[in-house]
There are 2 protein chains.
Amino acid sequence: MDATPRLREQACFALYTASRAVIGLYRPMLDSLGLTYPQFLVLMSLWEHDGRTVSGLGDELQLDSGTVSPLLKRLEAGGYVERRRDAGDERRVTVHLTEAGAALERRGCEITQVVGSASGMSYDELIALRDKLNEFTTAIRTREHTTE
Amino acid sequence: MDATPRLREQACFALYTASRAVIGLYRPMLDSLGLTYPQFLVLMSLWEHDGRTVSGLGDELQLDSGTVSPLLKRLEAGGYVERRRDAGDERRVTVHLTEAGAALERRGCEITQVVGSASGMSYDELIALRDKLNEFTTAIRTREHTTE
DNA sequence: GGCATGTAAGTTGTGCACAATTGAATTGTG
DNA sequence: CACAATTCAATTGTGCACAACTTACATGCC
């Protein structure tokens, strides 16, 4: 019980592997749209609520500006979003879907459904897994800044 | 039900977030050893069975040579492993723990326990989550090369 | 032996992640 | 008003991930 933990017995490793596996399943479908998974997440966030700020997207995706800024630059180069300096507060940049970005919503919805069905789990099982993972993440984050 | 899926309702997003959160929890502890999480995984694999080949480690961690090779180079530069060209088959490179790398095992074991307890879950809950994730990964991988 | 086929490790190029820093704009306080 | 502190986005630097490619070596088949 106190022996060295084996890699395959670790929940953390299972998490790390599962995350990469599901992104790998998205990849060929998103490739055909010229998107990566994080870029797709940004679009999902904007389909729900267009015109978010850069930091708003960072909060939603739990990513900092060092990740989001270049990611948005590529999405803009791809023609899916536009960035606009906020008139009221010049520090803020709001991100807006283009016609092309908005048009991807239908296809994006199909892709998430394909991935969901590939999991081999029922809707209820997926919900339960999601909730368990979110509970896990919340617990981890509350203990994040503790020494040892 | 057929509406656009919201980011926070997606199991995939929960997975992506949970994976990064737990690696973020490992980070400060591994930093003090000069390790990253993937480097730590390599050491865990070697503590269990020293002298694996590069491709053997890749199979274990589900990473390709493009990821593992430079990672091992950094671990070697850090003084934790050595790479040796296999005498029998000159294509193979075996990876061996140094004294310093082997000595990290005890501390590594403590770190995984700290992370486990930070999850706020019981041992049984963690096992159940791990098994569910591995089931998920297996299902995903079997459907990986299917068009749509 | 000679050569096609396959395999192992490494390299190159792109795109995340994240820490640390920068610079511009805003806000709080005297 | 002045100016310190804060906020926001972007930049820089390091280390994964992964696709595509390269090079060296091994093996199978004639």
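**View 1. A:Gln62, a partly exposed residue in a predicted model.** A:Gln62 has 15 C-beta neighbours inside 10 Å and therefore counts as partly exposed. The model shown here, as in every view below, is predicted. A:Gln62 sits in the loop that links α3 and α4 of chain A. The phi angle of A:Gln62 is positive, near 60 degrees, and the residue is not a glycine.

**View 2. B:Gln62 in the loop between α3 (54–61) and α4 of chain B.** This view turns to chain B. The phi of B:Gln62 is positive at about 60 degrees, although B:Gln62 is not a glycine. Is B:Gln62 buried, exposed or partly exposed? B:Gln62 counts as partly exposed, because it has 15 C-beta neighbours inside 10 Å.

**View 3. Helices α2 and α3 of chain A where they meet.** Two packed helices are described by the angle between their axes and the distance between the axes. Helix α2 of chain A covers residues 37–48 and helix α3 of chain A covers residues 54–61; their axes come within 11 Å and cross at roughly 110 degrees. The crossing angle therefore makes α2(A) roughly perpendicular to α3(A). Which residues of α2(A) and α3(A) meet? From α2(A) they are A:Leu41, A:Val42 and A:Ser45, and from α3(A) they are A:Leu57, A:Glu60 and A:Leu61. Sorted by class, this contact of α2(A) with α3(A) holds four nonpolar residues, one polar residue and one charged residue.

**View 4. Chain A as a whole.** Chain A has seven helices and two strands. Read from the N terminus, the order of its elements is α-α-α-α-β-β-α-α-α. The C-alpha trace of chain A spans about 60 × 40 × 25 Å along its principal axes. How much of chain A counts as buried? Of its 148 residues, 29% do. Where contacts in chain A join residues at least 6 apart in sequence, 43% of them join residues at least 24 apart.

**View 5. Chains A and B superposed by rotation.** Chain A falls on chain B after a rotation of 180 degrees, with 0.0 Å of shift along the axis and an RMSD of 0.0 Å. The two copies are thus related as by a two-fold rotation axis. Both copies use the same surface, and 100% of the contact residues of chain A recur in chain B.

**View 6. The surface near DNA strand D.** There are 26 residues around DNA strand D, and those that come nearest are A:Ser55, A:Ser65, A:Gly66, B:Gly66 and B:Glu90. Chain A gives two or more residues to this surface from each of α1 (11–31), α3 and α4 (65–77), and chain B does so from α2 (37–48) and α4 (65–77). By class, the residues of the surface near DNA strand D are six nonpolar, 10 polar and 10 charged.

**View 7. The surface near DNA strand C.** Which residues come nearest to DNA strand C? Of the 26 residues around DNA strand C, they are A:Gly66, A:Glu90, B:Ser55, B:Ser65 and B:Gly66. At least two residues of this surface come from each of α2 and α4 of chain A, and from each of α1 (11–31), α3 and α4 of chain B. The surface near DNA strand C has six nonpolar, 10 polar and 10 charged residues.

Note on methods: Residues are numbered from 1 along each chain as its sequence is written. Chains are lettered from A and ligands numbered from 1 in the order in which they are written. This is a predicted model: local features need pLDDT of at least 70, side-chain atom pairs count only at pLDDT 80 or more; totals for chains, interfaces and linings use all residues. Axes are lines fitted to C-alpha atoms, for helices over the stretch in contact, and angles run from 0 to 180 degrees between N-to-C directions. Helices (H or I, at least four residues) and strands (E, at least two) are DSSP runs, numbered from the N terminus. Angles under 35 degrees count as roughly parallel, over 145 as roughly antiparallel, 65 to 115 as roughly perpendicular and the rest as oblique. Two residues are in contact if their C-beta atoms, placed from the backbone, lie within 7 Å. Ala, Val, Leu, Ile, Met, Phe, Trp, Tyr, Cys and Pro count as nonpolar, Asp, Glu, Lys and Arg as charged, and the others, Gly among them, as polar. Copies are superposed by least squares on the C-alpha atoms of residues with pLDDT of at least 70 in both. A residue is near a molecule or strand if its C-beta atom, placed from the backbone, lies within 6 Å of it. A residue is buried if 20 or more other C-beta atoms lie within 10 Å of its own, exposed if 12 or fewer, and partly exposed in between; C-beta atoms are placed from the backbone.
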